[in-house]
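Work through the exercises below with the sequence and the coordinates at hand. Each task is followed by a stepwise solution.

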Amino acid sequence: MKQLEELKQHLAEVNDLDMAGSVLNWDQSTYMPPGGAPARARQLATLARLSFEKFTDPVVGRLLDELRSYEESLPYDSDDASLIRVIRRNYERAIKVPPAFHSELTAHQSRAFQLWIEARPANNFKLVLPALEKTLDYSRRLANYYPGYQHIADPLIDDADYGMKVETVKAVFGQLIEKLVPIVNSITSQEPTDDSCLREYYPEAAQMAFCKDVVKQLGFDYRRGRHDKTYHPFTASFSIGDVRITTRIKENYLGECLYSMIHEAGHAMYEQGVCKDYEGTLLANGTSAGVHESQSRLWENVVGRSRGFWEYFYPKLQSVFPEQLTGVSMDTFYRAVNKVEKSLIRTDADEVTYNLHVMLRFDLELLLLEDKLAVKDLPDAWQAMYKEYFGIYAPDDRDGVLQDSHWYAGIIGGSFQGYTLGNILGAQFYASAIKDFPEIPSEISSGNFAPLLGWLQKNVYQSGSKFTAPELIERVTGGPMTIEPYIHYLVEKYGEIYHLGEYL
Ligand code: ZN
């Protein structure tokens, strides 16, 4: 098909511009000296502008029109039909936003982010307040370029989790919170777990070497990836053959490097596992924020905090750190990595309380967008929600409303739901994998992660962005998203660690 080849060629150049931007971004977050910041911001803005102009070029619309009958003649799940469909969806989304608004918003976001970088350590919400008020205004205006929505946050959620709506997310979160609160309360009313074995002195080089062995054994392919240090861990995918993870290390806390590296390796194995034919196209990445997070959380928590995982890795860890871990039983260590507590910081939260942090941010985003909460009252609303959900107050805004960069670097709406959708979906996918291969848990105990990775590659990874999240979930699990496998997983796992039976 001549038009399809022309379209692919045009969009491959858009992809090249985007990937060049990603490399610059990755470099900025890993090795760039601080003096490079002003020039780097300009370089990134130029690449983003060129990419946007090229992607929204009317030639794309013309080719899509000419390809419509070809697309309709193909089966829905064929590669060509899927590629045309995904290009069409992204193109139609992109051309609704005037280019001037796009650049205005990008420039505003970079200013707001710079203010947040100053405001957080200074504990000064007032410094970012005017910028955040503008961000809320921009977020509403952005949503209004997509009229016909049910809820003003729907178009914003669509961007990260296409096919999900406020209504869907609210319904799932409502069911989840009902089940979750009694579990959290019953655990946190018990004697706190002693995790001091994780807080010994663990030298950096030995930690890094151990973590590298772990992610390599899980299936992260170092011939098509690498790891580096950063401040906020992330995964950067430049092509299917070059997917990089980043991590941070604390020498007085073993959990930091290990779990951020497994988490990012989960994201990266998804990207490395996409069908190679999709290289350089819009099908070459994970399908949504929620499905992406399902893979990082599955590997980090369902696998990396499981008893079977540690049955295999704990003797190895003990031999790397004999002074720190001799005399610490496997059971003590397993409980330490699964400590549950009510805490203030989302990124440090355990897998049980984590969702409460996400759900309260989701609620606050909706209140702001619905005009039921003013930005100036956000710090108080934040504190009130933490009091309601956790029974604790942050000592200051630094560990309260200023803790996450999302609203300051991006828009308000759609930025947080993916994390909890990821927890739910990770458990749902894992339950389906076990149904197909009941030997997966015992293979994990003997250090063989290939059956699980192979199942995920075949069922989730290789299709890239071909299917929307709801379509993929239906195809892989035989039904829509449901919280049952996740709740079952939590009750079974934490019931054994904390004896929930007496409390629930
Ligand atoms: Zn993640």
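The exercises that follow concern a predicted model and treat its domains, a pocket, salt bridges and backbone angles in turn.

**Exercise 1. Domains**

Task: State where the domain bounds lie and how many residues of each domain are in contact with the other.

Solution.
1. The domain assignment divides the chain into domain 1, residues 2–147, and domain 2, residues 166–503.
2. Taken over C-alpha atoms, the centres of domain 1 and domain 2 are 26 Å apart.
3. On the side of domain 1, 42 residues take part in the contact, and they meet 45 residues of domain 2.

**Exercise 2. The second largest pocket**

Task: Describe the lining of the second largest pocket and find which helix gives the largest share of it.

Solution.
1. Begin with the volume, which is about 520 Å³ for the second largest pocket.
2. The lining of this pocket consists of 19 residues. Nearest the pocket centre lie Val 302, Tyr 430, Ile 434, Tyr 489 and Glu 492.
3. Sort the lining by residue class: ten residues are nonpolar, four polar and five charged.
4. Assign the lining to helices. At least two residues each come from α13 (307–320), α19 (417–436), α20 (440–445) and α23 (484–498).
5. The largest share belongs to α23, with six residues.

**Exercise 3. Salt bridges and burial**

Task: For the pairs Asp 27 with Arg 40, Glu 300 with Arg 297 and Asp 396 with Arg 398, give the N to O distance and decide, where a value is available, whether each partner is buried or partly exposed.

Solution.
1. As background, side chains of opposite charge can pair when their charged atoms come close. A search of the whole structure returns 33 salt bridges.
2. In the salt bridge between Asp 27 and Arg 40, the closest N and O atoms are 2.7 Å apart. Asp 27 belongs to helix α1 (residues 2–30) and Arg 40 to helix α2 (residues 37–55), so this pair ties together parts 13 residues apart in sequence. Arg 40 has 12% relative accessibility and is therefore buried, the cut-off being under 20%.
3. Glu 300 and Arg 297 form a salt bridge at 3.5 Å, N to O. Both lie in helix α12 (residues 289–303), three residues apart, so about one helical turn separates them. Glu 300 is buried at 8% relative accessible area, and Arg 297 is buried at 6%.
4. The side chains of Asp 396 and Arg 398 form a salt bridge at 3.2 Å, N to O. Asp 396 is buried at 16% relative accessibility, whereas Arg 398, at 31%, is partly exposed.
5. Salt bridges with shared partners also link Arg 307, Asp 331, Arg 335 and Glu 496 into one network.

**Exercise 4. Positive phi outside glycine**

Task: Place Asn 123 and Asp 371 in the chain, and classify each as exposed or partly exposed.

Solution.
1. Asn 123 is not a glycine, yet its phi is positive, at about 55°. The residue sits in the loop between α6 (99–122) and α7 (125–144).
2. With a relative accessible area of 29%, Asn 123 is partly exposed.
3. Asp 371, also not a glycine, has a positive phi of about 65°. Asp 371 is found in the loop between α16 (354–369) and α17 (378–390).
4. The relative accessibility of Asp 371 is 60%, so this residue counts as exposed, for which the cut-off is over 50%.

Note on methods. Residues numbered from 1 in each chain as written. Predicted model: local features only at pLDDT ≥ 70, side-chain atom pairs only at ≥ 80, totals over all residues. Heavy atoms only, no water. 1 Å grid on protein atoms, 1.4 Å probe; cavity = no way out; pocket = protein on both sides within 12 Å on 5 of 7 lines; lining within 4 Å. Points joined across faces, edges and corners; volume = space filled by probe spheres on them. Helix = DSSP H or I, 4+ residues; strand = E, 2+ residues; numbered from the N terminus. Nonpolar A, V, L, I, M, F, W, Y, C, P; charged D, E, K, R; others polar. Salt bridge = Lys/Arg side-chain N within 4 Å of Asp/Glu carboxyl O. Buried < 20%, exposed > 50% of the residue type's maximum accessible area, 1.4 Å probe, protein only. Domains from an automatic or database assignment. Contact = heavy atoms within 4.5 Å.
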